[in-house]
Amino acid sequence: MDRDLSDGDSVMDLSFEAESPLAPPAELLERLPSCDCLLQGDRCCRSWNPGCQIFFPPSEAPGRPREQRCWSSFLEHRVPVVTEEVAREALLSFVDSKCCYGSAAAGDLVILELKQQVLRRYRLETFSESRISEWTFQPFTNHSVDGPQRGTSPRLWDIKVQVPPMFQEDTRKFQVPHSSLVKECHKCHGHGRYKCSSCHGAGTVRCPSCSRAKRRARPARRCQMCSGSGRQRCSTCSGRGNKTCATCKGEKKLLHFLQLVIVWKNSLFEFVSEHQLACPGDLLAKARGETLFKDENTMRQTIELVPLTEVRYWYQGKTYVYYIYGTDHKVYVVDYPERYCCGCTII
């Protein structure tokens, strides 16, 4: 319904008005005694109202930020805290696995301090495929030849092959179509056999038992290996004087062709967050962790939580330290007080 504007009515041109604020002015709000300090900001009313309290938003509360508190409680839920009992049991289990470590220290030590950290281990695994071609050969057995007369050889990346499962390394070789050529064997020059290199084609060699000298002595002193002849059958060629060509297997010809070599390989990038404890990084890289995030596509990436605890303890007047790492509570000992030999590696 259209409105008829009279002369007394005024029309407001909104096109020139500034944008209105998102909240109404403070003077239009009802004043509540409990909110006075919040409305006045720094000009607190404690001068005239000693009972007034300043209420902070949760994110601005003194102490740890809310995000840290939530993250700490999340870590405690995913990675249980190592207690003194757990620390002692881990060390006892480690000592029992070593033949030259005494268990008295592990049972009687006094734990002074537990420093616990949760490290983040990031792993990025990429799965790649590479292709190369190389000339190779095999004995030619008079079978059909797939040579250039049958067509042009396809490009390497146009050859379709069965791809292995993702992130499973493999190497496979294939014959490139239409690349075969038949040639004479270069080793035996097409003879299928070649002269024995041990006897030089004679079929016999000098007897090693009688010092390569032919003996014409009495039968009782005659060489038992060569019967006094001074020579014996060549063991390399079985006395034939020649050998079957190992290259062409006696076929005299070779089939040369291009061979496609495909390699599927995993490449791993790994990063462990920094820490101030003296535990070797190679142990932390292999430690068992709690999976926080995992994504698998053309790349596989994981984020794991790896707990690390430094245990300082007292035993017989001295202070020692060891580390507990991984969710399976592996132990790394810096210096154990009851070690009886030096032939073991401390890991």
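1. **Disulfides.** Let us start with the cysteines of this predicted model. How many disulfides does the structure hold? The count is 0. As a reminder, a disulfide is a covalent bond between the sulfur atoms of two cysteines. Cys185 is a good one to look at: its nearest cysteine sulfur belongs to Cys188 and sits 3.7 Å away. A disulfide needs the two sulfur atoms within 2.5 Å, so a pair at that distance is not counted.

2. **Where two cysteines sit.** Is Cys185 buried or exposed? With a relative accessibility of 1%, Cys185 counts as buried. Cys226 is buried too, and its relative accessible area is 6%.

3. **The overall layout.** Now step back and view the whole chain. You can find 5 helices and 12 strands in it. The chain has 347 residues, and buried ones make up 27% of them. Its exposed surface comes to about 24,300 Å², with carbon and sulfur atoms supplying 50% of that area.

4. **Contacts along the sequence.** Take the contacts in the chain whose partners have a separation of 6 or more. Of these, 73% are between residues 24 or more positions apart.

5. **Salt bridges around Glu310.** Side chains of opposite charge can pair when their charged atoms come close. In this model the count comes to 10 salt bridges. One of them joins Glu310 to Lys115, with 4.0 Å between the closest N and O atoms. Which parts of the chain does this pair tie together? Glu310 lies in strand 10 (residues 299-315) and Lys115 in strand 1 (residues 110-139), so the bridge links parts that are 195 residues apart in sequence. Glu310 also forms a salt bridge with Arg312, where the closest N and O atoms are 3.4 Å apart.

6. **How covered these partners are.** Look at the accessibility of each residue in turn. Glu310 counts as buried, at 5% relative accessibility. Lys115 is partly exposed at 36%, and Arg312 is partly exposed at 32%. Salt bridges with shared partners also join Arg121, Arg123, Glu270 and Glu304 into one network.

7. **Another salt bridge to find.** Asp158 pairs with Arg155, and their closest N and O atoms are 2.9 Å apart. Asp158 counts as partly exposed, with a relative accessibility of 44%. Arg155 reaches 63% and counts as exposed.

8. **The largest nonpolar core.** In soluble globular proteins, nonpolar side chains tend to be buried together. Here the largest nonpolar core has 21 residues. Which of its residues touch the most other members? They are Leu91, Tyr322, Ile324, Val331 and Tyr336. At least two core residues come from each of helix 3 (84-96), helix 4 (104-108), strand 10, strand 11 (318-325) and strand 12 (330-333). Helix 3 gives the most, with 5 residues.

9. **Leu91 close up.** Try selecting Leu91 in the viewer. Leaving aside residues up to four places away in sequence, Leu91 touches Ala106, Leu109, Tyr322, Val331, Val333 and Tyr336. Of these, Tyr322, Val331 and Tyr336 are also listed with Leu91 among the residues that touch the most other members of the largest core.

10. **A separate core.** Apart from the largest core lies another one, made of 12 residues. Among them are Leu284, Ala287, Tyr323 and Tyr325.

Notes. Residues numbered from 1 in each chain as written. Predicted model: local features only at pLDDT ≥ 70, side-chain atom pairs only at ≥ 80, totals over all residues. Heavy atoms only, no water. Buried < 20%, exposed > 50% of the residue type's maximum accessible area, 1.4 Å probe, protein only. Salt bridge = Lys/Arg side-chain N within 4 Å of Asp/Glu carboxyl O. Helix = DSSP H or I, 4+ residues; strand = E, 2+ residues; numbered from the N terminus. Contact = heavy atoms within 4.5 Å. Areas by Shrake-Rupley, 256 points an atom, 1.4 Å probe, with all protein chains shown as cover. Core = buried A, V, L, I, M, F, W, Y, C linked by side-chain atoms within 4.5 Å.
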